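Please open the structure in your viewer and keep the sequence panel visible. The tour below proceeds one selection at a time.

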Amino acid sequence: MELPNQAPAASLVFQTMLAHGPLSRAEIGRRTGLSSGAVTKATSPLLDDGWIAELGRRGGEPVAGRPATLVAVRPERASFLGVKITEDELFGVLTDLTARPLTTRRAALDSRDVGSVVSAIARLVKRLVPAQGPEIHSLGVTLSGDVDRCTGAVHHSPFLNWHGVELAHLVERATGVRTVIENDVRALTAAEQWFGAGAGISSFVLVTIGAGIGCGISLDGRVVSGAHGVSGEIGHLPVGAVDRICTCGNAGCVEAVASTQAIVEQARQVTGDTALTMEDAVQFGHDGHEGVRAVFARAGHAIGLAIASVANLVGPERIIISGEGVASYDLFEEQTRQTFVRQAFGAAADCELIVRPLPFEEWARGGAAVAAQTLVAPDRTRRATT
Ligand SMILES: [Zn+2]
């Protein structure tokens, strides 16, 4: 199952319709910069092959004397699967062509061993795909770590303790479904770019806070992957907190003061309670415990420095802050914004900062969005493994 025309112009037209919903051909031309002839050439085979449909005419907007016909993607034409691997659980989603979730499922992981995780993914996929359902185009699997989408290998994933795992190949063999893998934050950024708070925005940054601090960067409509599969690692930007050692072994990283674990450790120090949890820390913060509030403020300052650095480097139109940490974001927010405004240079401070809670199901949808990209932009598909 492939698009009938894989020329760059046809991909661009299809992607524009995916991101913006029903459009007239003239609007597609305006948004893509293509001539009306090129738009017609791109849309005709898509219409013939059932990928898009004409929605009827919209009154009152004459184009060359006729009301404009709207064309839109047919969501039921293809389905995708997305799976997000976390430390102890899998989250799966079945979506239509527009990455709209049709079914979501989760499954506990009893082991982080590669073979067990791959088998668990295969079982989850079986539960997601209905017996008489739509044809599945592909599956996107996402996880945190150094993940090479091009080769389908996980170079290193610290939380699973995986090194050099040919994950795409293994999952493909276990499920029988074409598989692409991606770093989870970049996949979430892809979903936001096409179908979420980044749609229609040329450059934006997604920052996730929680167990780790990550960042996906979308520049001129493309999610930055980095030449070596590493980019957007703002959790390891040095922000001068030299009294704290990071999980990466260096001193002074953002994560060393602002990750969930770092906040818990510092809150334990200031309260003297060695069994304190993140929930307790949040409670202390809300109850006005000055020492714990200072811990959150310090974390907010580190996050503010990190996002100001990103804004100064790439000048995004919008920064989306998400991740499980946003549940207690009220304790960071003031300091994060203050530091950001102070440190962002000139017009970079005009960048809009929005907070958007994205549950784990949304992260699974990121996998489906990455799978959808292999249909629309096949140049980004994994190279065939030998
Ligand atoms: Zn670090």
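Select Gly272, the residue that follows helix H8; its phi is positive, near 75°. Please bear in mind throughout that this is a predicted model.

Next, select helix H8 itself, residues 260-271. How far apart are its end C-alpha atoms? They are 16 Å apart, which agrees with the 16 Å that 12 residues should span at 1.5 Å a residue. Now display the side chains of Ala262, Ile263, Val264, Gln266 and Ala267, the buried residues of H8. Their packing partners are strand E15, helix H7 (254-258), helix H9 (278-286) and helix H10 (290-314).

From E15 (238-245), move to the zinc ion, since His236 and Cys246 lie in the loops on either side of that strand. Which protein atoms are donors to the zinc ion? They are ND1 of His236 and the SG atoms of Cys246, Cys248 and Cys253, lying 2.0 to 2.4 Å from the ion. The angles among these four donor atoms are 105 to 123°, and the site is tetrahedral. For tetrahedral donors, the ideal angle is 109.5 degrees. In the sequence panel, the donor residues follow the spacing H-x9-C-x1-C-x4-C.

Are His236 and Cys246 buried or partly exposed? His236 is partly exposed, at 29% relative accessibility, whereas Cys246 is buried, at 6%.

Finally, colour the chain by pLDDT, which averages 88. Among the elements, helix H5 (residues 167-175) has the highest mean, 97, and strand E2 (residues 52-63) the lowest, 64. Select residues 380-386 last: pLDDT stays under 50 there.

Note on methods. Residues are numbered from 1 along each chain as its sequence is written. This is a predicted model: local features need pLDDT of at least 70, side-chain atom pairs count only at pLDDT 80 or more; totals for chains, interfaces and linings use all residues. Side-chain values use heavy atoms; hydrogens and water are left out. pLDDT is the predictor's confidence in each residue, from 0 to 100. Helices (H or I, at least four residues) and strands (E, at least two) are DSSP runs, numbered from the N terminus. Contact means heavy atoms within 4.5 Å. Donors are N, O and S atoms within 2.8 Å of the metal (3.2 Å for Na, K and Ca); water is not among the atoms, so sites may look incomplete. Four donors count as tetrahedral if all angles lie between 85 and 135 degrees; four count as square planar and six as octahedral if opposite donors are over 155 degrees apart and all others between 65 and 115; anything else is irregular. Buried means under 20% relative accessible area, exposed over 50%, partly exposed in between (1.4 Å probe, protein chains only). The expected span of a helix is 1.5 Å times one less than its number of residues.
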